[in-house]
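Biologist: I have a chain to read and would like to go through it feature by feature. Where do we start?
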Amino acid sequence: MRPLVSGLALFLALGGVAGAQNTSQVFGKVTDVSGGVMPGVTVTLSSPALLEPRVALTSVTGTYEFPGLGIGMYMVRFELAGFGTQVREGLQLQGGFNAQVNAELQVASLEEKVVVTGVNPIVDIRSTTQGTRFNVEELQAIPSARDVFQVLTQTPGIAGDRQNVGGTHNGQQTGMFSRGAGNGQARWFVDGVDRNDIANGRPFVVDFNSVEEVQVSTGGADVTMQTPGVFVNVVTRSGSDAFRGATWLFRTDRALGSNNVTDDLRLQGANSGNPLVYTNDYGGQLGGPIKRGRAWFWGTYGMQNVRLGVLNYYKPTADCAPVQASPLAHSFANVIDCLNVNKQDVPALGSKFNLRPFAGNLVTVANSFGQRVETIRGADDLHPTFETTNKMTFVKKSDSTYDLGLRYWNTGIWDPSWKFGDQHTISDRWLVDVSFGHHCWCDSIVPQTEELRLVQPMLDLTTGTWGRSWSDSSIMLVTNNTVDATTSYFLPGRWGGDHSFKAGYKNGHFGEVYDRTYSGHAQAVFNSPRPLPLFSTPFTARVIRDFITPAFLDQNSAYLQDTYSRKRFTAILGVRWDRQVDHVAAVSVPAHAFQGQRTIDGTPFNLFPALEVPTVRAGVVWNTVAPRLGLTYDLTGDATNVIKGSYAVYFDQRSAGQLSKALNPAGSARIDLGWSDLNGDNVVQVNEINQSLIRSVTGFDPANPARLVSANTVDSEVTAPRTNEIVVGFGKEMAGGFGFNASYVWRKYDNFIWQDTVGLSSADYSAVPFTPPASACPSGARCETVTYYVPNATLPSAYVVTNQPDFRHVYNGLELVIRKRSSRGWMLNGSYSYNTTIESYDSTAAYEDPTNIVRRNGFQYAPAGGIGGGGGSNLAGIPINAKWIAKLSGSYRLPYDVNVAATGDLRQGYPFAQAVNIPSRPNRAPAIAVLLDPVGSKRFPNFATMDFRLDRAFNVGGMKLLPSFDMFNLFNANTVMGRRTNQNAANANQVFGILAPRIARIGMMVNF
């Protein structure tokens, strides 16, 4: 026990963060031919991934363990005087996997040496974690969009908010939804460093060819997982004692594509989509020794150019003028030829340095820069001109008055990420790992030109169409600074079995700084019913305050887990603690440009004065304790038939300033006021505003706009949203390298946080029937009578942040997975998931506005997906929910080393949430869309697609040349994936998204 005590003391002194556990372990037992345990056997583990061999002696129980192992090919050697040596070769170790390698030694006179190859266990008897792993061989062998986020679409049970056909969405935000959890609690890591935007789950850019493995977890009892969302860790390559590198070029071109838009779809609104013009994907990497056996390097550069035609954004030429005026009168090819092109560039630059200063110690320094730079962001049928889209680029220090930090740390180049780590093997049983990570999601999203910052945008509520300008300029500085310290210790032969301890401690500081200015200081909002033209009926002046919100979160976490093994039984007992507290830093807010000017009745505009706001702290500390329990039993004693079960509690991670923002009087604030367009120019002037007519208000108290103490409060007893999970499963390894797993998963989500309006309950609303006039509903629209609710008095502006009572989501799911590891020239991954997530309001206390509750209570939970515009396969605003999902991928080696591979995706269509829009309600109630059907009862068509790949490697002068041909959407499906849902609008049921058409990619990779 003395080494354990001293080790824990050292560990506690180090401090740090419990980060993603991307490492694996090899463990096992050595016996003689009679089955007796053999202590004192020398076990040597070697691999290029280790840089130096690891050596252990078997314990009194004949057991051994090597923790903290990276991805790679391993060899295990067993030696004891008087007995024959046994060697296990070809052990392919994947991240986060516990590989059991047992040995049976014979006396030397009978067998001097035994070599066993192809030892690759499929069933992990020491883990109940659900998920999958994609190694570099699988990533390169199967057809993919060469984007790490698209890889997740092959994970069992995960549904995405877009379909990336041939690279059309590379580098873009991709929402991933699994087991009833929303996208906001997804966690992303690269080499264990936190790259998650805890507010919105934004992704990051990493060069696809630098990826060694992608690990995806969707649940289970592992104590390192804090939240219930999808957990992803991307493991990148490292240098070794052998120089190796690669260069590549891939091209997707419209000339290699097809058309899947029929005349019927064009009549329904799918006139052009966002057609792919071309993609280029090129770059190179190199790694090797700086000093053999001591120091190594690795570096990469990759660039992806994505060029898309932009829906309804036409070239300003004489030839294209008639096409723009009447697209349906021209051929689809002519329409595409006349579309302007949105340029998206996705650069990625990375390096990694490893140093072994002395035996058993490895120091790592890594950094990367990557970003998506886009010229026309969010262009679609609702943002149909150059002026109504924005552009996205990296942040420069001059962009904001806020201190953006050091050059190359936060600004000056694409989004930066840094890691400094040190791993030390203290003994054959004890490993300590400490690291520091920094990541900045640092972007600037601004109007196309400086002049447009002064141009006031228009918005028509009936169709959601924008005109004239874009709404705001945003500087976003989302930073993660984390320190991780983890340790593992193997303690065999105690309390009737072997113990594998894992512990960690976390300290993290997360920032979320938004600097927003609004074009033209207001938005001119119209409500133009059909058949009137857009922007013909002025409705309200939406006045919005510019703001800077520097919000922060400080988090400390600790966990401890013991994996206890006795014969065929394994128990995984763990507990994690998380402490979270947030604040919003002091900030100066200038007065609104309208402040003091005369309104329509002669009174001065006085709603947004200048403010000097001090630091705001909600004062609520979340201290959550989450138990984890996992049980496995090896039915046959050879790790080929294992039953598993687990129970876990997860708590959500708080976003930066999540609670304190409610107390910040200078945050995001807007007010909708009466507006009479006196001069008919469709622009809101101050002398046209009636500030006594307030239609709705968000983010401040108009009765006291200069107040420096918010009228809102935070419940001192508010606690973190919670998820309870139970998983029961069976895993089986079959002949030929096949593995099968069946799991039943139950989850309950509750304790949600909401803003409870002071003095308001559902009893304070009255029902109002409404039938849309026939003139407002185009042919095929549903002009049914609906019931919405209006408040009986003016809505209060103050609210309390607290836990939502009597509200829950309950998930039930069945997952079937089959896997054939790569051997004998082929591999296979397949899965089928059936699930349902029911949203329940158990009493009237669970809501305030009763509108739509009858359509949600007892029906499917379906969070909205998509960022920005339609973009062809981008499902902006579409509810994400599929009760069944089937996935299949695999590759096969034909004669002459020709590789063929394919992936297939099949799922139920997402809900089609048709609704009637109520743009105006009395007493400051916001506009609302009234659902016509229970959520999930009406859906888009079932989705199905297949991709295909063909390649063959050639060895030329020490180089490996790999030409390839990929075909995406092989059968040229044109599944409708998005329609406009507002029924009392001119664009009711119009198609805005279909599956992108079949397209081919040709490529060449050279490895040396």
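Modeller: With the vocabulary. Helices and strands are DSSP runs, numbered from the N terminus. Keep in mind that this is a predicted model. Now take Arg921: it sits in the loop between strand E53 (915-918) and strand E54 (928-931).

Biologist: Is Arg921 buried or exposed?

Modeller: Buried means under 20% relative accessible area. Arg921 has 5%, so it is buried.

Biologist: What does the side chain of Arg921 reach?

Modeller: Look for polar contacts, that is, pairs of N or O atoms within 3.5 Å. The Arg921 side chain reaches the backbone oxygen of Tyr789 at 2.6 Å. There is also a side-chain pair: Arg921 and Asp849 make a polar contact of 2.9 Å.

Biologist: Which residues are in contact with Arg921, leaving aside neighbours within four places in sequence?

Modeller: Tyr788, Tyr789, Val790, Asp849, Thr851, Pro926 and Ile928. Tyr789 and Asp849 on that list are the partners we just met, one through its backbone oxygen and one through its side chain.

Biologist: Let us step back to the whole chain. How many helices and strands does the chain have?

Modeller: Seven helices and 60 strands.

Biologist: What radius of gyration does the chain have, and what would a compact globule have?

Modeller: The chain has 30 Å. A compact globule with 1008 residues would be near 30 Å, so the two agree. For extent along the principal axes, the C-alpha atoms fill a box of roughly 105 × 60 × 50 Å.

Biologist: What share of the chain counts as buried?

Modeller: 60% of the 1008 residues. The exposed area is about 37300 Å², and carbon and sulfur atoms supply 58% of that.

Biologist: How do I read contact range? What percentage of contacts join residues at least 24 apart?

Modeller: Take contacts between residues at least 6 apart in sequence. Of these, 74% join residues at least 24 apart.

Biologist: And charge? How many positive and negative side chains does the chain have?

Modeller: 85 positive and 82 negative. The centres of the two sets lie 3 Å apart.

Biologist: Next, a residue inside a strand. Where is Gly370?

Modeller: Gly370 is in strand E21, residues 361-370. Its relative accessible area is 4%, so Gly370 is buried. Beyond its sequence neighbours within four places, Gly370 is in contact with Val205, Pro347, Ala348, Trp414 and Asp415. For a sense of distance, try Asn507: 137 residues from Gly370 in sequence, 25 Å in space, C-alpha to C-alpha.

Biologist: Now a loop residue. Is Thr411 buried or exposed?

Modeller: Buried, because its relative accessible area is 0%. Thr411 lies in the loop between strand E23 (390-394) and strand E24 (415-427). Its C-alpha atom is separated by 45 Å from that of Ser840, 429 residues apart along the chain.

Biologist: What about Thr128? Which loop holds it?

Modeller: The loop between strand E9 (113-117) and strand E10 (130-135). Thr128 counts as buried, at 4% relative accessibility. Leaving aside neighbours within four places, its contacts include Gly220, Ile572, Leu631 and Lys644.

Biologist: Lys644 makes me think of His521. How far apart are the C-alpha atoms of His521 and Lys644?

Modeller: 59 Å, for residues 123 apart along the chain. His521 lies in the loop between strand E29 (497-518) and strand E30 (522-526). It is partly exposed, at 31%. Apart from residues up to four places away, His521 touches Val543, Ile544, His592, Ala593 and Phe594.

Biologist: Now the backbone. Where is a cis peptide bond, and what is omega there?

Modeller: The bond joins Arg530 and Pro531, with omega about 10°. Pro531 is in the loop between E30 and strand E31 (538-544).

Biologist: What is phi of Arg468, and what is phi of Asp897?

Modeller: Check the sign, then the residue type. Phi of Arg468 is near 80°, positive in a residue other than glycine. Phi of Asp897 is near 60°, also positive in a non-glycine residue.

Biologist: Where do Arg468 and Asp897 lie?

Modeller: Arg468 is in the loop between strand E27 (465-467) and strand E28 (472-494). Asp897 is in the loop between strand E51 (884-894) and strand E52 (898-907). Arg468 is partly exposed, at 23%. Asp897 is partly exposed, at 47%.

Key
Residues are numbered from 1 along each chain as its sequence is written. This is a predicted model: local features need pLDDT of at least 70, side-chain atom pairs count only at pLDDT 80 or more; totals for chains, interfaces and linings use all residues. Side-chain values use heavy atoms; hydrogens and water are left out. Helices (H or I, at least four residues) and strands (E, at least two) are DSSP runs, numbered from the N terminus. Buried means under 20% relative accessible area, exposed over 50%, partly exposed in between (1.4 Å probe, protein chains only). A polar contact is a pair of N or O atoms within 3.5 Å; within protein, one must be able to donate a hydrogen and the other to accept it, and residues adjacent in sequence count only if both atoms are side-chain atoms. Contact means heavy atoms within 4.5 Å. The radius of gyration is taken over C-alpha atoms; the globule rule is 2.2 Å times the number of residues to the power 0.38. Accessible areas come from the Shrake-Rupley method with a 1.4 Å probe; for residues, only the protein chains shown count as cover. Lys and Arg count as positive and Asp and Glu as negative; His and the chain ends are not counted. The place of a charge is taken as NZ of Lys, CZ of Arg, CG of Asp or CD of Glu.
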